[in-house]
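Me: I should like to understand how the terms used for a protein model are justified. Please take me through the reasoning step by step.

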Amino acid sequence: MSPRRRAQIARGAQYGVLILAVVVLAAVADWNRISDAFFDTKVAGKLFPDLITVALKNTVLYTLCAFAFGLVFGLLLALMRLSPVVVYRALATAYVEFFRGVPALLVLIAFGYGIPIALNTEVPGGVLGTITVALGLVAAAYMAETMRAGIQAVPKGQTEAARSLGMSQSWAMISIIIPQAFRIILPPLTNELILLTKDSSLVYLLGLTPGDRELAKFGRDALNDYVSMTPILVVGLSYLIITVPLGILVRRLESRQARARG
Amino acid sequence: MTSAAPIRIEGLRKSFGDVEVLKGIDFEVAAGEVVCVIGPSGSGKSTLLRCVNRLEEPTAGRVFVAGTEVTDVDVDIDAVRRRIGMVFQQFNLFGHLTVLDNVAIAQRRVLGRNADEARRVALANLERVGLGERGDAYPVELSGGQQQRVAIARALAMDPELMLFDEPTSSLDPELVGDVLGVMRELAGEGMTMMVVTHEIGFAREVADRVAFMDDGTILEQGAPETVLERPEHERTQTFLRRLLDPAKG
C-alpha cells in the first residue's frame, strides 16, 4: 500500500469517528429540554435592550478604559526598562514581575476593598475608576514587555539616522522609534485587548448596581431571574461578537507584516 | 587666520572592550575638500567617520567640527550634528514615513521650519537627487539606489556645512551604484566638504582631492589620489589595491 493511500484511509477513519460521535450525541440528547434551557427565544427577547445598552456597553467601556490606562502606563514602564538609569530599570522590572505574577482578581479585590479599608478613601471614579486602575495596572505589566520588545525590534540605524540629523533622544523616540515599534506590536497588543475583554468580567466582585453590570454579571443575574441557561448562551455570543473580529484583525495584521518583511 | 577647518581630529583613540580600533589618529579636512577614506574591512574607517559626529564615543583624543569641540562633555551634541549631514550604508530611511516626510521631519523638529517651508525645501532637494516625483512613495517602494538618494536629500535639506558618507554604495546592486555616485559627484562639484568612506576606487580617483588609506587603526598614507592609488608607498596599500581591483588574483 502506498503512503498516500495509507494517509487517505487514516483521514477517512478520523472523519468516520467524528460523524459517528455527532450522530450518537444527536440521538441520545433530549432536544426539547435542551432547546427550552438554552434557546428560549422568549427569555432571550427579555434581555433586550439592556443587553446592549447596559451590559455590552459596560464591557466595552471597562475594557477600553483599562486598555488605555495600561497602554500609557505600559509605555512608561517599557521606557524605564530601556533606560540607562539603573534605578528606573530595577523599579520597572520589579513592577512587571509583581503584576504579572499575581492574579488580576487579587489586584481588583485590593483596589475595590483593600484600599478603601486601609486608606479610608475609595478609588475615584467609582466602579469604572476601580476596574480601570486595577485591570490597567495588570495589563500594563504585560504590555510593557511587549512594547519593550517592539522598541528593541526597530533597527538601531533608525535612531542613528534621527540623532545624526540633530534630533534629541526624546524626539527620536517619539517621532521615529515608537511609531515603528507600534506597527510591530499591533498583533500582540490586540491579543491583550481580547484578554482584557474577558477579564473585565471580574468587575462582578465589586458589587454592582444594575447600571454598572457588564455582560457576565448581567447574564448571571438573568440566569437567576428566568431560571434558564439562555442568557448565558446569549451573553457568550455577545463576547464572541467583540472578540472574534479582533481575532480576525490580529491574523490580518500578522499576515500583512509577514508580507511586508517579504 | 581663516575660519577653523570643518573637521580636525587630534590623537583619536577608540576601543571596543579590549580591542583598539583607532590607534591615535590625527586628521584634518579643509573647507570644500573631498576626502575618500579607503582600506580593508576592520581597519577602522567607519569608526573614524562615526567619531566625527559622535555616533561612536571616542575613548581618547579630541574632535573638532568647524571649531566646535565635539568631544567636549558639555557640548550640545544635537546642535553640532544638525550641521553635519550623514549618509549610511543601510540608508536608514524612516520606514513609517513617506519620502517627502523623511526629508521634512528633521527640518520641522530640529530647525523649526513650518510645514510649508519644510515641504518646499524637501521637494527642492528631492529634485536635486532626481526624485522629485517620488515624494508620496514609502521607502520600501523604492530601489536601494533611490533610497540612498533620498537619504542624501534628507541630509542636504538641513543645509549641512559638511557631509559624511559611510560606504554609501556598499549595499547597492552594481547597476544602481552609478546614480548615487553621480549625485555625490555633483555635490562635490558644488564645493561641499565631504568625508567619504568607500570601496569605489574609480570614484576616489576621479572626485577626491585627497585619499587616505587606513590599516589596523592608523592612517598608513594619504595624499593626492594619483599618488596613493597609482604609486602607493606602503606594501599594505599596494596589496589592498591589487586585491580590490582584481579579486581573482588576490
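**Terms and their grounds**

Reply: Let us begin with one residue of this predicted model: A:Leu105 lies in helix H6 of chain A, which covers residues 104-119.

Me: Why is A:Leu105 called partly exposed?

Reply: The relative accessible area of A:Leu105 is 33%. Buried means under 20% and exposed means over 50%, with partly exposed in between. The value of 33% falls between these limits, so A:Leu105 is partly exposed.

Me: What makes A:Leu105 eligible for a surface patch?

Reply: A patch takes residues with over 30% relative accessible area and no salt bridge, and Leu counts among the nonpolar side chains. A:Leu105, at 33%, passes the area cut-off. Together with A:Leu106, A:Ile109, A:Tyr113, A:Ile117 and A:Tyr204, A:Leu105 makes a nonpolar surface patch of about 570 Å².

Me: What kinds of secondary structure does chain A have, and how many of each?

Reply: Chain A has 11 helices and zero strands. Its pattern along the sequence is therefore written α-α-α-α-α-α-α-α-α-α-α.

Me: How do you know whether chain A is spread out or compact?

Reply: The radius of gyration of chain A is 24 Å, whereas the globule rule gives 18 Å for 262 residues. The value is well over the rule, so chain A is more spread out than a compact globule. Along its principal axes, the C-alpha trace spans about 75 × 70 × 30 Å.

Me: What share of the residues in chain A is buried?

Reply: Buried residues account for 40% of the 262 residues in chain A; the cut-off for this term is under 20% relative accessible area.

Key:
Residues numbered from 1 in each chain as written. Chains lettered and ligands numbered in written order. Predicted model: local features only at pLDDT ≥ 70, side-chain atom pairs only at ≥ 80, totals over all residues. Heavy atoms only, no water. Patch = residues over 30% accessible without salt bridge, like charges linked within 9 Å, V, L, I, M, F, W, Y side chains within 5 Å. Areas by Shrake-Rupley, 256 points an atom, 1.4 Å probe, with all protein chains shown as cover. Salt bridge = Lys/Arg side-chain N within 4 Å of Asp/Glu carboxyl O. Helix = DSSP H or I, 4+ residues; strand = E, 2+ residues; numbered from the N terminus. Buried < 20%, exposed > 50% of the residue type's maximum accessible area, 1.4 Å probe, protein only. Rg over C-alpha atoms; globule rule 2.2 N^0.38 Å.
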